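Hi there,

Here is the structure I promised to pass on. Have a look at it first, and my notes follow underneath.

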Amino acid sequence: MLKFDIFVVAIVCLLSCRQVECTVPQHLDIYDRWENKYTLESEVNNLADLDADNRITKICSTDGANFWLYGNSECVDLPYAFQERASSLRFAGDRNDWQANRINLYSHQNFIGEQELLTDDTPTIQLNDKVNSIIVSGCKSWTLYADANFNDGQGCLCVGPSDESSCLPGLYTSAISLAGMGESVSSLRLGCYCDKEASPEKNNRKSHSEL
Ligand SMILES: [Ca+2]
């Protein structure tokens, strides 16, 4: 029987998508009950100046909102905040086999921003010293090195799948989950060659939103 396995990390940006170079200025979108939107890029002393005084019913940060999903034939309703608001989407891991050994690096937390997909040992990564979240696909762990060329002089860290036997992805959503090492990572090696290890998020849900 034909089966479609999809590992979708739906990096769904609300309203205003991050660009590849993520220097997105902070702003907020606020809505009234009629869904009229007001975009705020700086503080507002009096909402009446925007004809929005006493009218706001919803507020949305446009920075860092996303939703992700993985699994075989998983199907979920989007959270309310994403209903009819998704603006972009991308995959993590191998497009042909979501449980192949791969690692995705992202320049921002929660799998946002620039990304780099690695399939094998990489002596110098493109996101040098810029990694803030990671998705490990497949069954194997990887070693992160603070130095290029797999040199552990300035530190190393192993990251792995959330379940090695069933090869479920390991999600490292933040610099904290990477033991503070993310923004020093310069090279990666397939397999664990370091005595320091970081566990993926304790989150077995196959879909999750970060709002
Ligand atoms: Ca480094």
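**Strand β10 and its neighbours**

Let me begin with strand β10 (residues 142-145), which is covered on both faces: Trp 142 and Leu 144 are buried on one side, and Thr 143 and Tyr 145 are buried on the other. Please keep in mind as you read that this is a predicted model.

β10 has two pairings to look at. With strand β11 (residues 156-159), β10 pairs in the antiparallel sense over four bridges. Within that pairing, Tyr 145 has Cys 156 of β11 as its bridge partner. With strand β13 (residues 187-190), β10 also makes an antiparallel pairing, over four bridges. Here Thr 143 stands opposite Arg 189 in β13. So two of the buried residues of β10, Thr 143 and Tyr 145, can be used as landmarks when you trace these pairings on screen: Thr 143 for β13 and Tyr 145 for β11.

**An open sheet**

Next, there is an open sheet of four strands, in the order β8-β7-β9-β12, with antiparallel pairing. Its edge strands, β8 (112-118) and β12 (170-172), each pair on one side only. From one strand to the next, the twist averages 15 degrees. Inside this sheet, strand β7 (residues 102-108) and strand β9 (residues 133-137) are joined by five bridges in the antiparallel sense. If you want a place to start there, Ile 103 stands opposite Val 136 in β9. As a general reminder, the strands of a sheet pair through backbone hydrogen bonds, in a parallel or an antiparallel way.

**Tyr 38**

I also looked at Tyr 38, which lies in strand β3 (residues 37-40). Is Tyr 38 buried or exposed? Tyr 38 counts as partly exposed because 17 other C-beta atoms lie within 10 Å, while a buried residue would need 20 or more and an exposed one 12 or fewer. Leaving out residues up to four places away in sequence, Tyr 38 touches Ile 30, Leu 50 and Ala 52. Between the C-alpha atoms of Tyr 38 and Asp 51, which are 13 residues apart along the chain, the separation is 9.6 Å.

**The protein as a whole**

Stepping back, the secondary structure consists of 15 strands and zero helices. The protein has 211 residues, and 31% of them are buried. Taking contacts between residues at least 6 apart in sequence, 72% join residues at least 24 apart.

Happy to go through any of this with you.

Best wishes

Technical notes: Residues are numbered from 1 along each chain as its sequence is written. This is a predicted model: local features need pLDDT of at least 70, side-chain atom pairs count only at pLDDT 80 or more; totals for chains, interfaces and linings use all residues. Two strands pair if DSSP finds at least two bridges between them. Axes are lines fitted to C-alpha atoms, for helices over the stretch in contact, and angles run from 0 to 180 degrees between N-to-C directions. Two residues are in contact if their C-beta atoms, placed from the backbone, lie within 7 Å.
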